[in-house]
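Hi everyone, thanks for making time. I'd like to walk you through one structure today, helix by helix. Please have a look at it on the screen.

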Amino acid sequence: MLDLIGTTVLTAAIAVNLNATITTMPLSTVQKLTTVAIAGLWIGLAIALATTGIYASQATPVPVVGVMVGLPLIVVGSAALVSARVREALLALPVPLLVGLNTLRIFPGAFMVLLALQGRLDGPFPQSAGWGDVIVGLTAIPLVAAVARNFSESRGALMAWNILGALDLVTAISLGVLSAPGSPLQIFGAAIGSNAMWSLPWSNIPTLLVPFYLITHGVIFARLARANRQAVV
């Protein structure tokens with residue numbers, strides 16, 4: 001039952017994230033369709049790889065999932081560095097929207113805690129990653145209203161929250177790797193560890209949602225840096 005609920009909720013979260021960001025960016029219709037196609041192919045690849053069992057293979061989970069997490073960050077970051085158009089499209093995303101989308105992290109966080117209660121995850125990973133996501137998602141709710149009301153006065157709180165949100169994801173990735181059964185880096189979790197995260201629907205959290213939210217944090221950092229430069233000028 002939990003897997004069925006997880007499939008429905010995580011699929012909805014991915015769809016909401018994709019739709020909200022792409023429709024909000026100042027892109028032409030062709031550019032939006034192209035972006036949707038690329039994102040759809042990437043989502044399809046992530047799910048297809050999960051169905052093959054490659055994430056769950058003890059010989060491969062960390063390298064393969066690492067590529068799925070890291071490649072979107074490298075591609076988007078590189079595109080933003082070399083293309084002013086891509087950079088401006090990302091920076092045009094409303095900060096309240098980016099913060100608001102992070103409220104959806106409550107759901108994957110809660111699922112990880114529930115998986116730990118079912119004995120399908122153990123060690124420090126589900127507690128840190130699960131409760132961390134829940135806290136980041138809950139604190140994003142009042143922050144959305146504050147940022148929408150007055151961005152300048154909320155910059156301090158936004159920076160603190162953004163650092164917390166990014167560190168939560170980095171910590172979750174690190175503990176997931178250190179809890180992966182069969183990984184030479186495993187030091188937590190014995191035979192269970194983070195094993196449930198390498199199969200559907202839970203593999204969608206590290207392979208699709210984590211890189212998306214890391215990108216949102218990166219864009220928010222860039223918006224804050226721009227605002228600070230403008231304030232100095």
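Let's begin where L2, I5, G6, V9 and L10 of helix 1 meet F107, P108, F111, L114 and L115 of helix 6. By class, that contact has nine nonpolar residues, one polar residue and no charged ones. One thing to say right away: this is a predicted model.

How do we describe a pair like this? Two packed helices are described by the angle between their axes and the distance between those axes. Here helix 1 and helix 6, which covers residues 106-117, have axes that come within 11 Å and cross at roughly 165 degrees. Angles over 145 degrees count as roughly antiparallel, so helix 1 and helix 6 are roughly antiparallel to each other. As for handedness, their crossing is left-handed.

Now let's move to the other partner of helix 1 that I want to show you. Helix 1, residues 2-24, and helix 2 have axes that come within 10 Å and cross at roughly 155 degrees. That angle makes helix 1 roughly antiparallel to helix 2 as well. Which hand does the crossing of helix 1 and helix 2 have? This one is right-handed. On the helix 1 side, the contact is made by I14, L18, I22 and T23, and on the helix 2 side by K32, T35, V36, A39 and I43. Sorted by class, the residues of this contact divide into six nonpolar, two polar and one charged.

Let's stay with helix 2 for a moment, since there is a nice little geometry check for this crowd. Helix 2 runs over residues 29-52, which is 24 residues. At 1.5 Å a residue, helix 2 should span 34 Å, and its end C-alpha atoms turn out to be 35 Å apart, so the two values agree. Which residues of helix 2 are buried? They are A39, I43, A46 and A50. You have met two of those already: A39 and I43 also take part in the contact with helix 1. Just after helix 2 comes G53, with a positive phi of about 85 degrees.

Next, a few individual residues further along the chain. N162 is in helix 8. Is N162 buried or exposed? N162 is buried, with a relative accessible area of 0%. Setting aside its neighbours within four places in sequence, N162 is in contact with H217, I220 and F221.

Also in helix 8, which spans residues 155-178, we find S174. At 36% relative accessibility, S174 counts as partly exposed. S174 and V36 are 138 residues apart in sequence, and their C-alpha atoms are 30 Å apart in space. V36, you may remember, is one of the helix 2 residues in the contact with helix 1.

Then there is G66, which sits in helix 3, residues 61-82. With a relative accessibility of 39%, G66 counts as partly exposed too. G66 and E153 are 87 residues apart along the chain, and 37 Å separates their C-alpha atoms.

My last stop is a backbone detail. P201 lies in the loop between helix 8 and helix 9, and helix 9 covers 204-232. What is the peptide bond from L200 to P201, cis or trans? It is cis, with omega near 0 degrees.

That's my tour, and I'm happy to go back to any part of it. Thanks for listening!

Conventions: Residues are numbered from 1 along each chain as its sequence is written. This is a predicted model: local features need pLDDT of at least 70, side-chain atom pairs count only at pLDDT 80 or more; totals for chains, interfaces and linings use all residues. Side-chain values use heavy atoms; hydrogens and water are left out. Helices (H or I, at least four residues) and strands (E, at least two) are DSSP runs, numbered from the N terminus. The expected span of a helix is 1.5 Å times one less than its number of residues. Buried means under 20% relative accessible area, exposed over 50%, partly exposed in between (1.4 Å probe, protein chains only). Axes are lines fitted to C-alpha atoms, for helices over the stretch in contact, and angles run from 0 to 180 degrees between N-to-C directions. Angles under 35 degrees count as roughly parallel, over 145 as roughly antiparallel, 65 to 115 as roughly perpendicular and the rest as oblique. A crossing is left-handed if the near helix is turned anticlockwise from the far one by less than a right angle, and right-handed if clockwise. Contact means heavy atoms within 4.5 Å. Ala, Val, Leu, Ile, Met, Phe, Trp, Tyr, Cys and Pro count as nonpolar, Asp, Glu, Lys and Arg as charged, and the others, Gly among them, as polar.
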